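Reader: I would like to go through this structure step by step, with the reasoning given for each value. Could we begin once the sequence and coordinates are on display?

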Amino acid sequence: MNRTAQRWVIGTVAIVVSFVVFLVPFVFIILQAAKDPAEAADLSFSLPTKWVIWQNLVDVLQSNDGQVVRSFINSGILTVASVAVMVVIAAMVGYVLQRKPGRLNPLINFFVLAGLIVPPAVVPTIWVLQGIGLFKTLPGMILIEATFGLSFCILLFRAFVATIPRELDEAAVLDGSGPIRLFFTVVLPLLRPVVITVILVQSVAVFNDFAGPLYFLPGADNSTVQLTLYNFQSQTLSQYNLLFMDVLLITIPPLILYIFFNRQIVAGMTSGAIKG
Amino acid sequence: MTATLTRAVPPTRTPKEQFKRGRRSRASFYPSWFYIPASALYVVLFAVPTFASFYFALTRWTLFDVTFIGFQNFVQFFQDPQLTQGFIHTFEYGFVTSAAKVVIGLALALLLTSPILGRGYLRAVVFFPVLVSTIGIGITFKALLDPFHGIVNGALGLVGLPQPGWLTDPNLALWSVAAVDIWKGVGIATLIFIAGIVAIPQEYVEAAKVDGAGSWKVFTSVTLPLSRPAMGTVIILSLIGGLRSFDLIWAMTGGGPGFTSDVIASVIYKQYQSGFYGLSTAGNVVLFVVVTAIMVPLSAFLNRKGKDL
């Protein structure tokens, strides 16, 4: 009886604390997004006297000739394309690195770790991008995001390939499949759980990336959703309602991913993080 | 049909034999060219810029014009008190956020692996900020920490506590940002610790209890030592993130007031913005050296300890 009481007391306290600490900021965002400009400028935690959430939504989508809409499209393309590139090429490396012993493996592992630890050199990267004509272009940004995410993905894939029995490879080879078919039709489908984790984690990372597009993808036409926040903040000091509506809009895609794939994110990330 | 027929006739050497025959033929099923796409990207967009940064850090550089000036950028970096401050802040920020994430994350993980009410909800809510845009979080907390209208000072005022200018007081700004960083990132730490704790065989805990250990004793002599791999992962991930941190600082204070919340990453951006590309790159090299000098021995140490267990 004593134990049950304890469970309830601690649980209730934790729920109240978590509400104050973790949910109040999100409630604040929603309230601000529903106010008119004058009230929102107050930045106070209060209910709006008039709810203008729909009007704010329309306004934010129309501001700066629809920059927010354009940036959602840019961010969408950037996220999907870079994550697709990352998944395929990192899985190829993780697979071969785990399966094939070789003298170079320690060196490759070293480079993978270096990619995880070393901060990218910003201006020289711009210099290289200019050299190959990809600076300020979406394809350039896609390749940059793919490169910066590679190491993390390779580590996850390598750890997971170790759990797939080698006999499956042999069986596939017995059935006459070549190395490419072996990888794409036998191995890759077996990597599904970790592929899902990588897709979710990296989509959130790319979608939320701010520094990358800030440096490598300047210009209003190319702006990504994170940059619209930044621009909104500097341009429209009096329009806090639109700023917070933008914050709210940008929070929705990761929130949806999280609600649907909560379990996979958690499972995959922990297994990979502990083993890697 | 023909394909099946040819396959039915055993060739002189069956694929199985071929597979087993030797290193060379087995290796051909794991083609080395699978490395090529990834290494092409890695070399062109990561390795080349990193190596080039060691040269450009020694130049006055406008992207078109390069003048070699030796170590002047580094001299400037370490003589300018404002830039040196950024250097020190980077360590302070990295260590404080990382240490707090370890302690709070472990405490939360212990709480969330014990049978309490609303555990699923609590796990979800602690992890949720991890997914939200850092810039969005920064903007939100900038408003919440507003000295006059913000809810934090409002609440402090209600109970009669002092109401500091969280982001406007030079002595506080960096720590206010660090606190928000902890708030946002503690979910990852908690999650990793939960995974580590759940993986501990229950028999150990029971054996300890049979031997008469209380819950504190179980924690210090079973849970803590056995969640060491998780601890290592949390320390490494949060320290890498903390030392490289830029987004949140930029969104909340822009390095201000003055330069009191600047870290190396924000110095790099400021110098880039003002067109001092050589100096900015020198900052990058400093960050590179700092992060590597801390992370390489640390991760070697943590991994070795992990293998002892």
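Reader: In which helix of chain A is Gln202(A) found?

Author: The model discussed here is a predicted one. Within chain A, the stretch of residues 192-208 forms a single helix, and Gln202(A) is found inside that stretch. The helix asked for is therefore α9 of chain A.

Reader: Is Gln202(A) buried or exposed?

Author: A residue counts as buried when its relative accessible area is under 20%. For Gln202(A) the relative accessibility comes to 7%, and because this value falls under the cut-off, the residue is classed as buried.

Reader: How far apart in space are Gln202(A) and Ala84(A)?

Author: Along the sequence, Gln202(A) and Ala84(A) are separated by 118 residues. In space, taken from C-alpha to C-alpha, the separation of this pair is 9.9 Å.

Reader: What does the secondary structure of chain A come to, in helices and strands?

Author: Read along the sequence, chain A follows the pattern α-α-α-α-α-α-α-α-α-α-α-α. The C-alpha atoms of this chain fill a box of roughly 70 × 70 × 35 Å along the principal axes, and 51% of its 276 residues count as buried. The secondary structure of chain A comes to twelve helices and zero strands.

Reader: How many of the ten residues of α5(A) are buried?

Author: The buried residues in α5(A) are Val122(A), Val123(A), Pro124(A), Thr125(A), Ile126(A), Val128(A) and Leu129(A). The helix is accordingly described as mostly covered, and the number of its ten residues that are buried is seven.

Reader: Which value does phi of Lys136(A) take, in the loop after α5(A)?

Author: Just after α5(A), Gly133(A) has a positive phi of about 70°. Lys136(A) is placed in the loop between α5 (122-131) and α6 (138-161) of chain A, and its relative accessible area of 46% makes it partly exposed. Although Lys136(A) is a residue other than glycine, its phi is also positive, near 65°.

Reader: Which peptide bond of chain B is cis, and what is its omega?

Author: The proline concerned, Pro257(B), lies in the loop between α14 (247-252) and α15 (264-273) of chain B. A cis peptide bond joins Gly256(B) and Pro257(B), with omega about -5°.

Reader: Which element supplies the largest share of the nonpolar patch on the surface?

Author: The patch is formed by Val9(A), Val13(A), Val16(A), Val17(A), Phe19(A), Val20(A), Val21(A) and Tyr121(B), with about 670 Å² of accessible area together. One of these residues, Phe19(A), is partly exposed at a relative accessible area of 43%. The largest share of the patch, seven residues, comes from α1(A).

Reader: How much space lies in the second largest pocket?

Author: The lining of this pocket takes at least two residues from each of α1 (2-33) of chain A and, in chain B, α6 (81-113), α10 (173-198), α11 (202-210) and α12 (215-226). Its 22 lining residues divide into twelve nonpolar, seven polar and three charged, and those nearest the centre include Leu110(B) and Lys209(B). The space in the second largest pocket is about 920 Å³.

Reader: Which helix gives the largest share of the lining of the second largest cavity?

Author: This cavity, with a volume of about 30 Å³, is lined by Leu229(A), Val247(A), Ile250(A), Thr251(A), Val132(B), Ser133(B) and Gly136(B). By class, the lining has four nonpolar, three polar and no charged residues. Its largest share, three residues, comes from the helix of residues 240-275 of chain A, α12.

Notes:
Residues are numbered from 1 along each chain as its sequence is written. Chains are lettered from A and ligands numbered from 1 in the order in which they are written. This is a predicted model: local features need pLDDT of at least 70, side-chain atom pairs count only at pLDDT 80 or more; totals for chains, interfaces and linings use all residues. Side-chain values use heavy atoms; hydrogens and water are left out. On a 1 Å grid over the protein atoms alone, a cavity is a set of points where a 1.4 Å probe fits but cannot get out, and a pocket is an open set with protein on both sides within 12 Å along at least five of seven lines; lining residues have an atom within 4 Å of a point. Grid points are joined across faces, edges and corners, and a volume is the space filled by probe spheres set on the points. Helices (H or I, at least four residues) and strands (E, at least two) are DSSP runs, numbered from the N terminus. Ala, Val, Leu, Ile, Met, Phe, Trp, Tyr, Cys and Pro count as nonpolar, Asp, Glu, Lys and Arg as charged, and the others, Gly among them, as polar. Patches are made of residues with over 30% relative accessible area and no salt bridge: like charges are joined within 9 Å, nonpolar side chains (Val, Leu, Ile, Met, Phe, Trp, Tyr) within 5 Å. Accessible areas come from the Shrake-Rupley method with a 1.4 Å probe; for residues, only the protein chains shown count as cover. A salt bridge is a side-chain nitrogen of Lys or Arg within 4 Å of a carboxyl oxygen of Asp or Glu. Buried means under 20% relative accessible area, exposed over 50%, partly exposed in between (1.4 Å probe, protein chains only).
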